[in-house]
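Me: I have a structure open in front of me and would like to learn how to read it. Could you take me through it feature by feature?

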Amino acid sequence: SSRFSVKTVEIQRRLEGCKLAMMSRNLACALGTKARTWATGNCSGALRITSTGGKVIRAFCAEASAPTSEEKVERLRIVVAVGGNALIRRGERLTIENQLKAARNDCAPMIKSLMAHHQTVLTHGNGPQVGELALERSAATFDVLGAETQGQIGYVFSQAMSGAGVTAVPIVTQVVVDPDDAAFNNPTKFVGPVYGAKEADALSRALGWTIKADGEYFRRVVPSPPPLEIVQIDAVKMLLDMQTPSGPLPIVCGGGGVPVTRMGRSFANIIPGSMEGLEAVIDKDRCGALLARELNADAFMILTDGGGIWENFGKPGAREMKVVSVSYLRDSKAGTKFPGSMGPKVAAAIDFVEQSTNPNAWAAIGDLKDAAHIVGNNKGTVIRREVEGDVVWYDSKDDTKMDHVPRMPSLNKHGNSDAASQQDRTQLNGKIGEEWQMVHRMPTVYATM
């Protein structure tokens, strides 16, 4: 009978927790506020209702004992963006087996550690995968290729997360764009591998590709219009409402989502209001910023296999930003233009922080393996709307941070860095050796998307 009584009490506690969660959601909807939970050592059903500005309106606990400030760990809603290169290890072929190995060893532990304390959504790039697929299926349009890579990469992440005890739910996500956007008249998004001049000209003639110079080589370019609306956003919200540390984990907007437009009138066999795919590629970090805003996320984390934003990159006095204001980034010598693959990342981070309805929202850029530390602002660079003094630097005497200080790559006879060094840096100011640089590594033959 004692075992029966214990079981009855446990069931009652769970029911109280479910009732409490439903009360919080209803009250939050009625007040137009946010519901946030906290984890404590003695109360599994605690939650807090906060206003948009973060002020506590009402707190509840199934056991009528709110946690102390020392016990309370606020659950944030975090959108995590990883590059398609996160599934590639240098020197390895782009096989499903190798991608699974990288996802299991690198991404899954990071995501699981975040989900233990925070609501988490995962979005990802698809540059290497879609580039290879485009070579195999040259007649396929990029909306179809993008959807296929969402399924492929979503499957890889799902397999990896299941091994970590987390149920993942990949969604083939459509993202509305404007078919009349100027981007369609001037394609700029590099996709796929690099080519020599003769090979690029032959491909352009044979397949009708638009080719542009990328340094001393040539690459295919496609339109990259800004994302306007995420079609499956309500499904993502429903999954987040029921998320626990073991799932479900929404995996959405892969590769920036599938670019679509709503048909305003019938055309051929397409009825009005239907979705029609477009030949384009949406920047995945720009789409990630939109996703974070539409979810009213507390944070948007862009993770690479490099670090944050550095001053005096490659020089003896190199130092990394710990936290920085949007205005400081805009007013610094780097200005508002960030060359290379980091450009869209910085722009997306600034866009999220500036346009979020939450004044305390923040973005971060940092190393994939440091994700949990980035949340505590102990690694990477955090970007906020306002920062006292505009910027805070990591202590140069901190040995753990000095391990991450990059070294200036050596140049070959052509004035370019070798392949390994090329992967170890992305320029923030477009000129080697000048003051501002940002660390980022990526294979040289693929775009980050």
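Me: Among contacts in the protein between residues at least 6 apart in sequence, what percentage join residues at least 24 apart?

Reply: Happy to start there, with the reminder that this is a predicted model. The share is 70%. For the overall inventory, the protein has 12 helices and 23 strands, and 49% of its 449 residues count as buried.

Me: How do I read a sheet, and which strand order does the open sheet of 3 strands have?

Reply: Work out which strand sits beside which, then look at the direction of each pairing. Here the order is 9-11-10, and the pairing is antiparallel. Strand 9 and strand 10 (210–214) are the edges, each pairing on one side only. Neighbouring strands are turned against each other by 40° on average, ignoring direction.

Me: How many bridges join strand 10 to strand 11, and how many join strand 9 to strand 11?

Reply: Strand 10 and strand 11 share 5 bridges, while 4 bridges link strand 9 to strand 11 (residues 217–222). To find the register on your screen, look for facing residues: D214 is opposite Y217 of strand 11, and F190 is opposite V221 of strand 11.

Me: What packs on this sheet?

Reply: Helix 5 (residues 197–207) does, touching strand 9, strand 10 and strand 11. The direction of helix 5 makes about 125° with that of strand 9.

Me: Is strand 9 mostly covered or mostly open?

Reply: A useful general idea comes first: side chains in a regular strand alternate between the two faces of the sheet. In this case strand 9 (residues 189–195) is mostly covered, with 5 of its 7 residues buried.

Me: How should I read burial in a helix, and which residues of helix 3 are buried?

Reply: In general, an α-helix has 3.6 residues a turn, so residues three or four places apart point the same way. Helix 3 (residues 127–136) has 7 of its 10 residues buried: G127, P128, Q129, V130, G131, L133 and A134. These buried residues pack against helix 2 (96–115), helix 4 (142–163), strand 9 and strand 11.

Me: What about aromatic rings: how many aromatic pairs does the structure hold?

Reply: There is 1 aromatic pair. The ring centres of F300 and F352 are 6.0 Å apart with planes at 70°, and because planes over 60 degrees apart count as edge-to-face, that is the label for this pair. F300 belongs to strand 16 (residues 299–304) and F352 to helix 9 (residues 342–355), so the pair ties together parts 52 residues apart in sequence. F300 is buried at 0% relative accessibility, and F352 is buried with a relative accessible area of 0%.

Me: Which ring does R319 lie over?

Reply: R319 lies over the face of W393, 3.8 Å from the ring centre.

Me: Let me try a charged residue. Why does D285 count as buried?

Reply: The cut-off for buried is under 20% relative accessible area. D285 has a relative accessibility of 2%, so D285 counts as buried. You will find D285 in helix 7 (residues 284–294).

Me: Which side chains make polar contacts with the side chain of D285?

Reply: The side chain of K284 does, at 2.9 Å, and so does the side chain of K345, at 3.3 Å. Leaving out residues up to four places away in sequence, D285 touches A81, F300, I302, P344, K345 and A348. Notice F300 in that list: you have already met F300 in the aromatic pair with F352.

Methods. Residues are numbered from 1 along each chain as its sequence is written. This is a predicted model: local features need pLDDT of at least 70, side-chain atom pairs count only at pLDDT 80 or more; totals for chains, interfaces and linings use all residues. Side-chain values use heavy atoms; hydrogens and water are left out. Buried means under 20% relative accessible area, exposed over 50%, partly exposed in between (1.4 Å probe, protein chains only). Helices (H or I, at least four residues) and strands (E, at least two) are DSSP runs, numbered from the N terminus. Two strands pair if DSSP finds at least two bridges between them. A polar contact is a pair of N or O atoms within 3.5 Å; within protein, one must be able to donate a hydrogen and the other to accept it, and residues adjacent in sequence count only if both atoms are side-chain atoms. Contact means heavy atoms within 4.5 Å. Rings of Phe, Tyr and Trp (its six-membered ring) pair if their centres lie within 6.5 Å; planes under 30 degrees apart count as stacked, over 60 as edge-to-face and the rest as tilted. A charge sits over a ring if NZ of Lys or CZ of Arg is within 6 Å of the ring centre and within 35 degrees of the ring normal. Axes are lines fitted to C-alpha atoms, for helices over the stretch in contact, and angles run from 0 to 180 degrees between N-to-C directions.
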